[in-house]
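These are my notebook entries on one protein chain. I set down each point as I looked it up.

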Amino acid sequence: MSKNEERMRQVRRQKMILLATGIGILLLVVILGMTLAGNKKKEKESKPQEKKQEVEEKEEAIPKLQVDLGSLYSENAILIDEKTGKTIAEKNSTKQIYPASLTKIMTVLVGAENLKDLQKEVTIPAEIQGALIENHASVAGFEMGEKVKAEDLLYGAILSSGADCCMTIAREVAGTEEEYLKLMNKKAEELGLKHTHFADVSGFHHEDNYSTVEDLAKLLREALQNKEFYKVFTTDTYTTTATKEHPDGIELKSTLYKNLDTMEVTGGKILGGKTGYTDAAGLCLASLAEINGRKYVLVTAKADGNLFTEGFHVTDAVKVYEQIGKSE
């Protein structure tokens, strides 16, 4: 091979090396550019997510509250944040109790979910009169055989703690109280109320009608998600639809509000509640309050007293809600 040919071969080899190097550098630049662009895109996409998460965490953050349940009249109590369901304070909250008329929270929730037409007229069955008398039951005041709107039964059950309404709802939805109780216990299972069993739709004392304040707080929180239940539960006074027996309707007043001069507490107000009492259950109360823009559920049970003494269960509720308002 001549010197010229050797020189030309070396020149071609150098050109190929330079070309390959250039192509490699170009590919490296392209890959690096794509990587940087991808990282910027991911960063851009993640920022709204991170911001959203920060907002959600801020919203879910429960204010630091100084709440003492130790001095309450009630033996059992639990306070939870309505939005998150988180427990703020508790006292014997998992101990079995008799819920008395707090049972009606489940009765009305199942009724609100299963009564297809709340404007439908429903007849108060005469067959329930004996049980009402035997148990000295509280009633809304409807007469046997009276035709009332289904919606009025829900208000009568919560505001007046009317057993007449509960028994009528049960028969209207399921035919019998026994069948209705199956729906109530099924709902309890669905909600994860592991320490709850219902054996009476009105809350008359029964060994197999039991719960815990923890379960009842969870139940009330879930029930408040139902728009009809929420409307009924947070009403203080309601007049039923006029009937032949009651041309002006019946004025129903919440049993909670009967024990209070005002719903106002420091930083907010009590929005609604359901009272309960039997000799075995003591004075019980499940209530909802909004304080400083946040809602709380409080359930108490087994307070001393009876229907003729001071409402120690209501006193307890005011005391707890006042503590919340003053500690924020």
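**Entry 1. Helix α4**

How many of the residues of helix α4 (residues 150-159) are buried? I worked from a predicted model throughout. I found that 10 of the 10 residues are buried, and I recorded the helix as mostly covered. I took buried to mean under 20% relative accessible area. The buried residues include Glu 151 and Asp 152 as well as Leu 153, Leu 154, Ile 158 and Leu 159. Tyr 155, Gly 156 and Ala 157 are also buried. Just after α4, I noted that Ser 161 has a positive phi of about 55°.

**Entry 2. Strand β1 and its partners**

I turned next to strand β1 (residues 76-81), where six of six residues are buried. In general, the side chains of a regular strand alternate between the two faces of the sheet. I listed Asn 76, Ile 78 and Ile 80 as pointing one way from β1, with Ala 77, Leu 79 and Asp 81 pointing the other way. Residues of both sets are buried.

Which strands pair with β1? I found six bridges to strand β10 (residues 294-303), which runs antiparallel to β1. Within this pairing, Leu 79 has Leu 298 as its bridge partner, and Ile 78 has Val 299. I also found four bridges between β1 and strand β2 (residues 87-91), again in the antiparallel sense. Here Leu 79 stands opposite Ala 89. Leu 79 thus has a partner in β10 and another in β2. β1 and β2 make a hairpin with five residues between them, and in its turn Gly 85 takes a positive phi of about 80°.

**Entry 3. The sheet as a whole**

I then traced the order of the strands. The sheet is open, has six strands and reads β2-β1-β10-β9-β8-β7, with antiparallel pairing. I marked β2 and β7 (264-265) as the edges; each has a single partner strand, so one side of each is left without a neighbour in the sheet. Helix α9 (residues 312-327) packs on the sheet and touches β1, β7, β8 (268-278), β9 and β10. The direction of α9 makes about 30° with that of β9.

I looked up helix α7 (residues 213-223) as well. This helix lies across β1, β9 (282-291) and β10, and runs at about 35° to β1.

**Entry 4. Strand β9 and its hairpins**

Why is β9 largely enclosed by the rest of the structure? I found that nine of its 10 residues are buried, so the strand is largely enclosed. β9 pairs with β8 in the antiparallel sense over 10 bridges. In that pairing, Tyr 277 stands opposite Leu 283 of β9. The two strands form a hairpin with three residues between them.

β9 also pairs with β10, antiparallel, over eight bridges. Leu 288 has Val 297 of β10 as its bridge partner. This pair of strands is likewise a hairpin, with two residues between them, and I noted a positive phi of about 50° at Asn 292 in the turn.

**Entry 5. Cavity**

How many cavities of 30 Å³ or more are there? I counted one. The largest cavity has a volume of about 30 Å³. Among the residues lining this cavity are Tyr 98, Pro 99, Phe 204, His 205, His 206 and Asn 209. By class, I recorded five nonpolar, five polar and no charged residues in the lining.

How values were computed:
Residues numbered from 1 in each chain as written. Predicted model: local features only at pLDDT ≥ 70, side-chain atom pairs only at ≥ 80, totals over all residues. Heavy atoms only, no water. Buried < 20%, exposed > 50% of the residue type's maximum accessible area, 1.4 Å probe, protein only. 1 Å grid on protein atoms, 1.4 Å probe; cavity = no way out; pocket = protein on both sides within 12 Å on 5 of 7 lines; lining within 4 Å. Points joined across faces, edges and corners; volume = space filled by probe spheres on them. Nonpolar A, V, L, I, M, F, W, Y, C, P; charged D, E, K, R; others polar. Pairing = 2+ DSSP bridges. Contact = heavy atoms within 4.5 Å. Axes fitted to C-alpha atoms, helices over the stretch in contact; angles between N-to-C directions.
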